[in-house]
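Me: I should like to go through the structure shown below and ask on what grounds each description rests. Please set each value against its definition.

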Number of protein chains: 2
Amino acid sequence: MNDQDTTAWLDQIAWNAQGLAPVITQAADTKRVLTLAWMNRESLAATVASGYATYWSRSRSKLWRKGETSGNLQRIVSIALDCDADALLLQVEQMGGVACHTGRESCFYRVLDKGTWQADEPVITDPEQMYGKS
Amino acid sequence: MNDQDTTAWLDQIAWNAQGLAPVITQAADTKRVLTLAWMNRESLAATVASGYATYWSRSRSKLWRKGETSGNLQRIVSIALDCDADALLLQVEQMGGVACHTGRESCFYRVLDKGTWQADEPVITDPEQMYGKS
């Protein structure tokens with residue numbers, strides 16, 4: 001992959017005032033939408049260079065290689081850009097089948113049902129097991 | 001649907017400093033991710049009340065019922081909230097099979113290929129036909 005040789009493709013993204021773009025991540029096999037996260041130029045370049053999803057953590061203000069603690073890395077299958085160039089869509093292979101820190105496949109596990117948000121998806125991996133105890 | 005009777009479910013969303021949340025919209029049948037747009041409280045309440053996706057247009061600063069001009073409305077199948085309550089995922093029935101103003105099914109029609117963004121999806125409906133001429 002020579003994507004990192006030039007930066008024109010990075011310049012074509014309409015980064016917001018904070019230098020970020022929202023990133024939708026979808027399981028390439030099941031097509032389940034897993035997460036909505038954020039990237040800056042550096043994290044997208046790192047994603048392409050490594051072949052694994054690397055986001056920008058807004059809460060910790062640092063690069064965040066998804067799964068670096070849990071082992072649930074996301075291998076990149078494809079990266080798409082939307083029509084106004086301000087949002088990205090990743091297709092990934094989700095290691096461990098779990099993207100959410102709650103141990104579920106997807107972060108979008110609560111569905112609106114008669115005026116309340118109802119969890120409708122099982123916990124696959126115990127979060128304590130996922131992150132261990134130090 | 002009695003979702004609009006109380007506002008507790010709206011209060012549970014972690015709206016950003018501008019009162020907005022990013023919204024991923026996915027075709028319920030094909031699972032194709034169609035758009036990344038934004039909602040505020042009013043637009044989400046209008047979406048639930050009407051059963052059709054209504055976003056907040058950041059460029060026009062107004063409610064925007066998707067498809068109001070083109071006829072390509074999005075009928076709501078389900079609405080999900082993510083683990084940190086700051087992003088939404090809609091499953092919709094996309095009228096006309098076209099979500100993008102370019103006449104394509106999805107706005108995410110450009111894929112990164114060897115360092116360039118390549119359009120990899122056909123135009124289904126001519127945009128001039130979609131929006132007409134006044």
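Me: In which loop of chain A is A:Asp82 found?

Reply: This is a predicted model, in which local features need pLDDT of at least 70 and side-chain atom pairs count only at pLDDT 80 or more, while totals for chains, interfaces and linings use all residues. Residues are numbered from 1 along each chain as its sequence is written, chains are lettered from A and ligands numbered from 1 in the order in which they are written, and side-chain values use heavy atoms, with hydrogens and water left out. A:Asp82 is found in the loop between β5 (74–81) and β6 (88–94) of chain A; helices (H or I, at least four residues) and strands (E, at least two) are DSSP runs, numbered from the N terminus.

Me: Why is A:Asp82 called buried?

Reply: Buried means under 20% relative accessible area, exposed over 50%, and partly exposed in between (1.4 Å probe, protein chains only). A:Asp82 has 2% relative accessibility and therefore counts as buried.

Me: What does A:Asp82 touch, not counting residues up to four places away in sequence?

Reply: Contact means heavy atoms within 4.5 Å. On that basis A:Asp82 touches A:Ala87 as well as B:Cys107, B:Phe108 and B:Arg110.

Me: Which residues are covered by the "binding site" annotation that includes A:Asp82?

Reply: The UniProt annotation, from an unreviewed entry, covers A:Asp82, A:Asp84 and A:Asp86. From this set, the lining of the largest pocket takes in A:Asp86. On a 1 Å grid over the protein atoms alone, a pocket is an open set of points with protein on both sides within 12 Å along at least five of seven lines, and lining residues have an atom within 4 Å of a point. UniProt positions are given in the numbering used here, feature names are shortened, and annotations may be inferred rather than shown by experiment.

Me: How do you know that the second "binding site" feature, at A:Cys83, A:Cys100 and A:Cys107, does not all gather at one spot?

Reply: UniProt (unreviewed entry) places this feature at A:Cys83, A:Cys100 and A:Cys107. The farthest two C-alpha atoms are 28.0 Å apart, so these residues do not all gather at one spot. The lining of the largest pocket includes A:Cys100 and A:Cys107. A:Cys83 is in contact with residues of chain B, among them B:Cys100 and B:Cys107, leaving aside neighbours within four places in sequence.

Me: What makes A:Cys100 and A:Cys107 buried?

Reply: A:Cys100 has a relative accessible area of 0% and is therefore buried. A:Cys107, at 8% relative accessibility, also counts as buried.

Me: Why is there no disulfide between B:Cys83 and A:Cys107?

Reply: A disulfide is a pair of cysteine sulfur atoms within 2.5 Å. The sulfur of B:Cys83 is 3.6 Å from that of A:Cys107, its closest cysteine sulfur, and this is too far for a bond. By this rule the count over all chains is zero disulfides.

Me: How do you know how chain A and chain B are related?

Reply: Copies are superposed by least squares on the C-alpha atoms of residues with pLDDT of at least 70 in both. A turn of 180° with a shift of 0.0 Å along the axis lays chain A on chain B with an RMSD of 0.0 Å. The two copies are therefore related as by a two-fold rotation axis. In chain A, the C-alpha nearest the axis belongs to A:Lys31, 3.0 Å from it.

Me: Why may one say that the copies meet through the same surface?

Reply: Because 100% of the interface residues of chain A are also interface residues in chain B, the copies meet through the same surface.

Notes: On a 1 Å grid over the protein atoms alone, a cavity is a set of points where a 1.4 Å probe fits but cannot get out, and a pocket is an open set with protein on both sides within 12 Å along at least five of seven lines; lining residues have an atom within 4 Å of a point.
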